Amino acid sequence: MHLTVNGHSSYCYTGGKAFDAAKPTIIFIHGVLNDHSVWILQSRYLANHGWNVLAVDLPGHCRSAGDPPASVEAAADWVLALMDAAGLSQATLIGHSFGSLIALEAAGRAPERIRQLVLVGTAFPMKVSPALLEASLHEPMKALTMVNVFSRATLAPPPSALGPGTWVFGASMALGKRVLASNTKVNLFHAGFQACDSYANGEQAMERVTCPVLFVLGSLDQMTPPRAAQGLVQKARHARVVYLAGGHHQMNETPEPMLAALNAFLNS
């Protein structure tokens, strides 16, 4: 599904179902050097169980045109503009890593429009080490390897993510290369990391959030350790926290527990 947002074509994966204005809507927001495909299990399941699903490619990423967001704030404004383009007065936002900051900022800017908020692999502040920032700019393949080593707590998760025995490290490396190559004008790796590193509004945004918030944190996550999310947890008015026995990519490392956590929260 393509929507025109701020004058540019923006791609949203719908989980194989047509958009139905009568159903509640979930917007999935990916992280740095990812795209809509990281949500494949969750988006397809929920699209077949009563929800509209819009799993987006952020601007300038893969199938979405326009300039990639230079900041979390700019990306949050884009999400709200996407809701306008889809005719949505309200939606649930689910974001991973960089996408979790975008979802948080959007919910803080328009709390009346966000029904529920899910922050996966989140942290605040989400500082990026200078060595990784430098590598993402000058040696992106080295940085991509570093990120995937630190992100992963397993090589092959149980079935249901991408199929039995999926090599999640190799799949993530391939996805990162494809996303990076999708934009020849902007280094999406470095731009995304810069946006994460410079975002300073997390606690203020959470103070304005009025909806229930689910935190999905990986107990073995070395990119955004669970302790780094506790400040946001304490600021949230209606917080629920689920710890999964995996790393930073809970969507395909712990797919079944992740889906169970989403189901319990979304239907509560």
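Biologist: In this predicted model, which backbone oxygen does the side chain of His-30 reach at 3.1 Å?

Modeller: Good place to start! A polar contact needs N or O atoms within 3.5 Å, and the side chain of His-30 has a partner at 3.1 Å. That partner is the backbone oxygen of Asn-34.

Biologist: And which backbone nitrogen does the side chain of His-30 reach?

Modeller: Let's follow the side chain of His-30 to a backbone nitrogen, 3.0 Å away. This nitrogen belongs to Leu-58.

Biologist: Where does His-30 lie, and is His-30 buried or exposed?

Modeller: His-30 sits in the loop between β3 and α1. Buried means under 20% relative accessible area, and the value for His-30 is 0%. So His-30 counts as buried.

Biologist: Which residues of helix α1 are buried, and what do they pack against?

Modeller: Helix α1 covers residues 40-47, and its buried residues are Leu-41, Gln-42, Ser-43, Leu-46 and Ala-47. The elements they pack against are β2, β3, β4, α10 and α11.

Biologist: Now to the largest pocket: which helix gives the most to its lining?

Modeller: The largest pocket has a volume of about 400 Å³, and 27 residues line it. Helices α5, α6 and α7 each supply at least two of the lining residues. The one that gives the most, with six residues, is α5.

Biologist: How do the lining residues of the largest pocket divide into nonpolar, polar and charged?

Modeller: Leu-132, Val-147, Phe-193, Met-223 and His-248 lie nearest the centre of the pocket. Of these, Val-147 counts as nonpolar and His-248 as polar. Over the whole lining, the split is 13 nonpolar, 13 polar and one charged.

Notes. Residues numbered from 1 in each chain as written. Predicted model: local features only at pLDDT ≥ 70, side-chain atom pairs only at ≥ 80, totals over all residues. Heavy atoms only, no water. Buried < 20%, exposed > 50% of the residue type's maximum accessible area, 1.4 Å probe, protein only. Helix = DSSP H or I, 4+ residues; strand = E, 2+ residues; numbered from the N terminus. Contact = heavy atoms within 4.5 Å. 1 Å grid on protein atoms, 1.4 Å probe; cavity = no way out; pocket = protein on both sides within 12 Å on 5 of 7 lines; lining within 4 Å. Points joined across faces, edges and corners; volume = space filled by probe spheres on them. Polar contact = N/O pair within 3.5 Å; in protein donor to acceptor, adjacent residues only side chain to side chain.
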